[in-house]
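Work through the three exercises below with the sequence and the model side by side. Try each task yourself before you read its solution.

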Amino acid sequence: MSSPSGDPAPDPGLIARLRAAGCVFAEEEAALLRAEAVSPEEREAMVVRRVAGEPLELILGWAEFCGLRIRVAPGVFVPRQRSALVVEIVAATLRETDAPKVLDLCCGTGALGAAVAAQVPGAEVWATDIDPAAVECARRNLSSQAQVRLGDLFDPLPDDLVLDVIVANAPYVPTSRIADMPPEARDHEHHVALDGGADGLDIQRRVISQAPKHLAPGGTLIIEAGQEQAPVTASLMREQGLTADIRHDEELYATAVTGVKA
C-alpha cells in the first residue's frame, strides 16, 4: 500500500522500532527503508542491522549529498550534509572560470568532487586519499574523466598540476574526542578519516603549508573546519600568504575557511 504521492505509506511499527533504538530521524529512516525495492525478508534484515546500530547509509549502500546519490562503502567516511557549504563556495568561486581545475583532497567517497562536477560544468576534477577503500569508492562516484589517485595529500599529483580550487575535508576531530563521537562514525568509519591529532589540526597544517605552491594566482583553498577551530585555520592560511576568510552556515551547522592566493 502506498500513499497518494506514490511513496510507501508510513509504518508506525517500524518507526517505533527505530525510535526505540535511538534513531533521531526515525520517520525519515523508515521511509527510506520502506522505499527500497527488496523483499519483506530483506527489508527486515536491513531493519535489524539499523536497530543494532549500523549506519543507515551503509545499509542502503548510498547517501544523499547535494542532490546526488553517493555510493558508500564500509569504513569510508560518509558525506555529511554540512559539507554542502564547501560545494556552495566552490560553485560561487568558479562561476566565471572556464575549464577550472579542482582538487578534492582527502576525498573519501569523492562526494565533494562529484558535487562540484555536477554544479560546475567543464570542471576538471582531481581527487586523492590515503585510504585504498576510499579511493575505490571515489572512483565509483566520480566520472571516468576524473583523476582519482591513492596517496598522501598532494604526493600522487603531477608536479606541474596547477589548480584553481583545492577543497579539503581533512580529518579535524581531536584524537581525545573520537571516543565521544556517535557510534555510527566512531565504530564504522576508519579512524584515519576522523583523527586530526591532538588539536584536530595536524592534517590541516600540512594541507595549508603545501597548498600555495599548487594554486594558480587567485586560486582558492577551501577547508571544512570546526567552528572553534576556524580562527586558527584562518591564521595558518595567513601565515602562508593567503587572504583568509571564515564562512558559517547556521542552517547546515557548517563552517569553512577560505584562503585566496594573491
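The exercises that follow concern a predicted model, and they treat its confidence, its nonpolar cores and one glycine.

**Exercise 1.** Find the mean pLDDT of the protein, and find where pLDDT stays under 50.

*Solution.* Begin with the whole protein, for which the mean pLDDT is 93, while 97% of the residues reach 70 or more. Then turn to residues 1–5, where pLDDT stays under 50 and for which the model has 8 contacts beyond four places in sequence.

**Exercise 2.** Describe the largest nonpolar core, and then state which residues Val 167 touches.

*Solution.* Start with the core itself, which has 31 residues, and note that Phe 65, Val 86 and Val 167 are among those with the most contacts inside it. Next, look at the elements that each supply at least two residues, including helix H5 (84–93), helix H6 (111–119) and strand E6 (163–168); the largest share, 7 residues, comes from H5. Now take Val 167 and leave aside its neighbours within four places in sequence: its contacts include Val 86, Val 90, Leu 112 and Ile 222, and also Asp 104. Finally, a second, separate core of 27 residues includes Ala 168, Ile 208, Leu 221 and Met 237.

**Exercise 3.** Locate Gly 241, and explain why Gly 241 counts as partly exposed.

*Solution.* First, place Gly 241 in the loop between helix H10 (230–239) and strand E8 (242–249). Second, take its relative accessibility of 47%: because partly exposed residues lie between 20% and 50%, Gly 241 belongs to that class. Third, note that its C-alpha atom is separated by 8.7 Å from that of Gly 259, 18 residues apart along the chain.

Note on methods
Residues numbered from 1 in each chain as written. Predicted model: local features only at pLDDT ≥ 70, side-chain atom pairs only at ≥ 80, totals over all residues. Heavy atoms only, no water. Helix = DSSP H or I, 4+ residues; strand = E, 2+ residues; numbered from the N terminus. Buried < 20%, exposed > 50% of the residue type's maximum accessible area, 1.4 Å probe, protein only. pLDDT = per-residue confidence, 0-100. Contact = heavy atoms within 4.5 Å. Core = buried A, V, L, I, M, F, W, Y, C linked by side-chain atoms within 4.5 Å.
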